[in-house]
Amino acid sequence: MFSLSVSDIQTGVTLSDKTSVIQALAAWLQQDGHVATGYGDDMLAREMQTSTYLGQGVAIPHGTQNGRRLIKRTGIKVMQLPQGVPWGNGHTAYLVLAIAADSDAHLALLQQLARRLLQGGLLEHIMTCRDPAAVLALLQVQSEPAPAARCQLTPAHIALQVNAGSLSELVTQACDLLGLEGRAKSALQQSSPLHIGQGWWLCQTQGATPGAALLTLNTGPDTELASMVGLLALQVSDLEHKALLDQLSRWLAAGKGAELAGEPSAEALLAALEQGPEQRPPYYEKTLQVYNEHGLHARPSAMLVHTAKSFTAEIQVRNLTLDGPWVSAKNLMQMITLGASAGHELLFRATGADGEQALAALAQSMNDNLGESSPVPQRDPEPTDPAAGSSQIPANMSISGVTASYGLAIGPLFVDVPLEFDYPTQASDATVELQALSQALARARSELAATQQRIKDPQAKELMAMHRELLADASLTSGVQCRIQRGQSAANAWWSEIDTLTRQQAANKDVLLADRAMDIRDVGHRVMALLCHRQPVQPPSHPYIWVAREISPSQLVNLDISQLLGWVSVGGGASSHSAILAAALGIPALVAVDEAVMAVPSGTTAILDGATATLCLAPDATLLAQARGWQQQEQQARAKAWEQRQQAAITLDGHAIEVAANVANTEEAADAVEVGADGIGLLRTEFAFMARRQLPEVDEQQTMYQAALDALAERPLVVRTLDIGGDKPLLYYPMAAEDNPALGVRGVRLCRQQPEWLANQFRALLLAAGTRPLHILLPMITDISEWRWAKELFDSIQADIQADIQAPSVKLGIMVEVPAVALNAEVFAAEVDFFSIGTNDLAQYALAADRGNSALAALADGLNPAILKLIRMTVSAAHQQGKWVGLCGELAADPVALPLLLGLGLDELSVGLKQVAMVKSHVRQWRFSDCRQLAEQALMATDATAVRTLVMQAQNNSAVTDSRE
């Protein structure tokens, strides 16, 4: 029998890190003839798979299964490190036992060590040992007489996968299992629980009746008990609990404490404790989906049981969707109790020599629909006629949504059902999993880079750049790596981390930050598909209308836009990134559509009408012909608008309004001229700052602004100063977390903390302007003191450069996006040079409705009479002071809103490049006198729906060109 001697122990060792300790121990083992060269590297590889920290300052590094070829004979070497060495996951090792085992001879010693840890108080003694003999004595457990009675565990005293917010709460649950009350319960609650290693804790108290309770945990990554897997609670009177502790110590000694906690049932856990880890057979797991239309009723369940019984392996199954208990896959009545409906996910676990083959056969059987005739649903049929795929849909069935981008699309639907991923939760080789993760990340980054290079839209380029930054985020990848090192598969670790981050982000009350949840999930799906070797379903090769539960920006920019007629999503809002991209690309789009649309067969003919925010399914011949007529009129109107794009936007009775363009970078200035814009009404400068790793210098900024001014050829340029914060962070300027970032430190509020940023931007803009028309716009102004601070800074910069350059045409104005500014517009109008109204934020703040929340998309409507009144207050106050007012929100491109914005007296509208020509054309179809009358009526309406009805009736009565609006 193998034994430890004083010659195998060193005390007072001083080393700085875990790697040094392991390599020193490996060299010692090699010197004494226990191992060959390379065993130290093999022990380090084991640490990458799972931590060998045992508990109470003790670690037991050992090699991998593959490294056994390096072992010549069993040996253990011990180092005592009084100063301690970090061992990962917040643990510090003071006593390290390096193991080289070519047999099971060392297990008795490890069991003795595990029992010693269970006794407690070991750490304090380790740190005070001065010689090897003291360490040896410390590790030995004196033999004890066998107890007269045993402290028994029964299934009734075991609770699996319980939830608890704290250790004290968990101990209270253990008291309930033990049936403790009064003083006995109080005594156990007041005991000091002891961490005995690998996430297992022990608490005990004295009592007349021996008893034991065991609980395993189901905890999230951010809870107090995140690293805890199980608790053993004891009431003892003598030594009757020692046998139970010995059973647990065998699992801890083998480094399989977490595996024990994963047992599927109380009976299985008891059997595993009794058997010990060394006798436990391996098991296999697979998650399968139920495709049967009516779920697993008696007949398909019987077929599944028949398949399971053809194998000798023990097979258990649980319904993951319902979070149900484990049952036998070979028992028909138990299978029926799963309550498995179509779409539910079942987790199968097989133990035995043919377990892997059993799961493969069960997977094949379920994929074959368990003998029932209806197959697994297929997608993307090629329609052969206009009504193809529509036989199950009532003719002219209409589904409502919220318009994200105007226009009309007619064609077959492509219903994009999300990918399902099948992957193991655990893995035996962390090195392989880390390599798979690294390869998937590298390929994902490469794909994003290629997309970023291929696409031309600046906003899409910025989004792809942001996704690349997400993939490069060290906090994300390090969290995944830690999970892998704890034994999770790469796919499970990645998705667990993504799911946690997504939930945290989606819970944010700020709509724009909640949009980041889609970006995180989008990046997560991209890498997940690579890890699981799943190819996303490709859209049809013919023109189609895309339907999805959620449409991410990267999906949108990766599509062949020439084939995409329009898109529809269940989630999202009219101001989401995807919606803004759709408008920029000129693609009709609806958001916040009923979930029922996902059940519509692909290939169903549909009419997507942005004007009425409806999706008409399976239109009959009459409606289809009418829609094609509308579409032809719309195409003709767009062609005419494009031909006349350079003409001024003047109403039928001679009222002129400027129509400018919203752009994301200075490179689009030439495009603005090409589409007929009267200038740039909003240049968002923050994107130039976000796409870098450091702030651009003054001369770099000056060059950018000069390029835009040159391209505009004396047309006005409105530049919004740095609007960082909220949903637009800077990589090189970390900001404190805020509960409501949209209401927090952003825009001018952030610039007051970093005044040199705004000063440099002012300087660059003034130097670039010369005598050309430049308007500088300050975002997120709320209080007059903020304006005056910025104006004073602007004046000082202008005075500083006055000797070098004259900039007489530069004006300084503010965004009206906070309702307080509109309500106090008279005060601001006396001092500012101009206003620009941002209706996206103004509506969100005034209506208290997340503009990205699909459930609130209809409520967050800029045509709410309250928003119209805020616009009128702003225009009235400005015009009294002889100042002009523009509007740069998405509302400016809404053809229903257009006559109202004209009637409210706005001087300028700024829209996306794709909308400029049509907005100018729509202006030419109205009389200003009619618009003013219509606006007055809208201000008295009850809600946004009434306002839209009012305008559409007026359009029909006036017989404007687009009669269907």
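In this predicted model, helix α24, which spans residues 698–712, packs against helix α26, residues 755–769, with the two axes 8 Å apart and at an angle of about 45 degrees. Because an angle that is neither under 35 degrees, over 145, nor from 65 to 115 falls in the remaining class, α24 is oblique to α26. The crossing of these two helices is right-handed. On the side of α24 the contact is formed by Val698, Gln701, Gln702, Tyr705, Gln706 and Leu709, and α26 contributes Asn760, Gln761, Arg763, Ala764, Leu765, Leu767, Ala768 and Ala769. Sorted by character, the residues of this contact comprise 8 nonpolar, 5 polar and 1 charged.

Two open sheets can be described in similar terms, and the table sets out their strands.

| Sheet | Strand order | Pairing | Citation |
|---|---|---|---|
| Open sheet of 4 strands | β11-β14-β12-β13 | antiparallel | |
| Open sheet of 5 strands | β1-β4-β5-β3-β2 | mixed | |

In the sheet of 4 strands, the edges are β11 (283–289) and β13 (327–328), each of which pairs on one side only. Strand β11 runs antiparallel to β14 (residues 345–351), to which 7 bridges join it, and within this pair Tyr283 stands opposite Thr351 of β14. Helix α13, made up of residues 355–367, packs on this sheet, where it touches β11, β12 (314–319) and β14, and the direction of α13 makes about 5 degrees with that of β11.

In the sheet of 5 strands, the edge positions are held by β1 (9–10) and β2 (53–55), and each of them pairs on one side only. Strand β3 (residues 58–59) is paired in the parallel sense with strand β5 (residues 91–100) over 2 bridges, and Ala59 stands opposite Val96 in β5. Helix α1, residues 18–31, lies across β1, β4 (75–88) and β5, and α1 runs at about 170 degrees to β4.

A single residue, Glu274, can be followed through its surroundings. Glu274 belongs to helix α10, which covers residues 266–275. Is Glu274 buried or exposed? Its relative accessibility is 51%, and Glu274 therefore counts as exposed, the cut-off for that class being over 50%. When residues up to four places away in sequence are not counted, Glu274 touches Gln247 and Arg250. Glu274 and Leu244 are 30 residues apart along the chain, and their C-alpha atoms are separated by 8.9 Å.

Conventions:
Residues numbered from 1 in each chain as written. Predicted model: local features only at pLDDT ≥ 70, side-chain atom pairs only at ≥ 80, totals over all residues. Heavy atoms only, no water. Axes fitted to C-alpha atoms, helices over the stretch in contact; angles between N-to-C directions. Left-handed = near helix turned anticlockwise from the far one by under 90°. Contact = heavy atoms within 4.5 Å. Nonpolar A, V, L, I, M, F, W, Y, C, P; charged D, E, K, R; others polar. Pairing = 2+ DSSP bridges. Buried < 20%, exposed > 50% of the residue type's maximum accessible area, 1.4 Å probe, protein only.
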